[in-house]
Amino acid sequence: YGTSVLEKVLAAFATRHPGVEVAVRCGFSGRFPDAVERGELDLAVHAADPNDRVGKLLLTEQTRWVAHPGLKLDPAEPAPLALFDRDCWWRASAIAALERIGRPYRIAYTSESISGVKAAIAAGLAVGVLAESTLEGSMRILKESDRFPILPPSALILRRQEEATEASLAMEAAICTAFGTG
């Protein structure tokens with residue numbers, strides 16, 4: 001969403017509030033809730049387990065196992081995975097799903113960013129877990145018949161400090177409008 005929605009949000013906000021200084025931090029989503037709680041961020045948009053969320057739900061979408069079409073996967077061999085390099089619900093959910101069905105795996109690549117995970121997938125080196133809206137046409141969606149279990153959907157949450165400023169409320173409104181929840 002950093003590229004597809006952020007541009008619209010920032011443009012709309014800057015037009016309505018030209019005197020407000022905005023600092024944007026793009027990074028590992030798992031850190032954002034604590035940063036809001038510590039007062040380091042006024043607002044955060046982050047991925048979350050749909051069953052365990054605090055904040056405003058912006059959207060829910062399916063999470064998919066994906067690979068390069070040319071990646072050959074031997075069910076008897078550990079599946080090479082490209083995952084986020086920190087504890088996050090996507091990583092934990094993917095590993096738990098494979099362990100639940102007894103599918104062997106190995107963590108082949110890790111990245112803090114979605115672009116790093118996508119690069120390993122695009123190179124044909126690993127299977128990754130991505131939200132449906134971030135899939136690219138060149139990716140093959142893996143199914144249960146490929147021995148990759150269905151994953152839970154992911155939620156995108158907007159979290160705000162309790163003590164909101166006029167500017168943070170305006171940014172919250174711009175974000176909600178961009179996601180169609182405002």
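This report describes the cores, sheets, helix packing and salt bridges of a predicted model.

**The largest nonpolar core and strand 6**

The largest nonpolar core holds 28 residues, and the members that touch the most others are Trp65, Leu81, Trp90, Val127, Val129 and Phe148. Two or more residues each come from strand 3 (63–67), strand 4 (79–84), helix 3 (89–101), helix 4 (114–122) and strand 6 (127–131). The greatest contribution is that of helix 3, which supplies six residues. In soluble globular proteins, nonpolar side chains tend to be buried together.

Leu81 illustrates how parts of the chain meet in this region. Leaving aside residues up to four places away in sequence, Leu81 touches Trp65, Leu98, Tyr105, Arg106, Ile107, Ala108, Tyr109, Ala126 and Val127. Val127 is also the bridge partner of Leu81 in strand 6. Strand 4 and strand 6 run parallel and are joined by two bridges. Strand 3, in contrast, runs antiparallel to strand 6, with four bridges between them. Within that pairing, Val66 has Gly128 of strand 6 as its bridge partner.

Strand 6 is largely enclosed by the rest of the structure, because five of its five residues are buried. In a regular strand the side chains alternate between the two faces of the sheet. In strand 6, Val127, Val129 and Ala131 point one way, while Gly128 and Leu130 point the other way, and all are buried. Val127 and Val129 are also among the core residues that touch the most other members.

**The second core, helix 5 and the three-stranded sheet**

Apart from the largest core lies another, made of 13 residues, among them Val9, Leu43, Ala170 and Met171. Ala170 and Met171 also appear among the buried residues of helix 5, together with Ser168, Glu172, Ala174, Ile175 and Cys176. An α-helix has 3.6 residues a turn, so residues three or four places apart point the same way.

Helix 5 (residues 166–178) contains 13 residues, and its first and last C-alpha atoms are 19 Å apart, close to the 18 Å expected at 1.5 Å a residue. Just after helix 5, Gly180 has a positive phi of about 75°. The cover over the buried residues of helix 5 includes helix 1 (6–16), strand 1 (43–48), strand 2 (56–61) and strand 8 (154–160). Helix 5 lies across strand 1, strand 2 and strand 8, and runs at about 160° to strand 8.

These three strands form an open sheet in the order 1-8-2, with antiparallel pairing. Strand 1 and strand 2 are the edge strands, each pairing on one side only. From one strand to the next, the twist averages 20°. Five bridges pair strand 2 with strand 8 in the antiparallel sense, and Leu57 stands opposite Ile157 in strand 8.

Ala47 lies in strand 1. The C-alpha atoms of Ala47 and Leu156 are separated by 4.6 Å, although the two residues are 109 residues apart along the chain. Ala47 counts as partly exposed because its relative accessible area is 27%, which falls between the cut-offs of 20% for buried and 50% for exposed.

**Salt bridges**

The whole structure has five salt bridges. The table gives three of them, with the distance between the closest N and O atoms.

| Basic residue | Acidic residue | Closest N and O atoms |
|---|---|---|
| Arg38 | Glu40 | 2.7 Å |
| Arg64 | Glu132 | 2.7 Å |
| Lys118 | Glu136 | 3.0 Å |

Which parts does the pair of Arg64 and Glu132 tie together? Arg64 lies in strand 3 and Glu132 in the loop between strand 6 and strand 7 (140–141), so the salt bridge ties together parts that are 68 residues apart in sequence. Arg64 is partly exposed at 27% relative accessibility, and Glu132 is partly exposed at 35%.

Glu136 lies in the loop between strand 6 and strand 7, and Lys118 lies in helix 4, so this pair ties together parts that are 18 residues apart in sequence. Glu136 is partly exposed, with a relative accessible area of 40%, whereas Lys118 is buried at 17%.

In the remaining pair of the table, Arg38 counts as exposed at 54% relative accessibility, and Glu40 counts as partly exposed at 43%.

Methods:
Residues numbered from 1 in each chain as written. Predicted model: local features only at pLDDT ≥ 70, side-chain atom pairs only at ≥ 80, totals over all residues. Heavy atoms only, no water. Core = buried A, V, L, I, M, F, W, Y, C linked by side-chain atoms within 4.5 Å. Buried < 20%, exposed > 50% of the residue type's maximum accessible area, 1.4 Å probe, protein only. Contact = heavy atoms within 4.5 Å. Expected span 1.5 Å × (residues − 1). Salt bridge = Lys/Arg side-chain N within 4 Å of Asp/Glu carboxyl O. Pairing = 2+ DSSP bridges. Axes fitted to C-alpha atoms, helices over the stretch in contact; angles between N-to-C directions.
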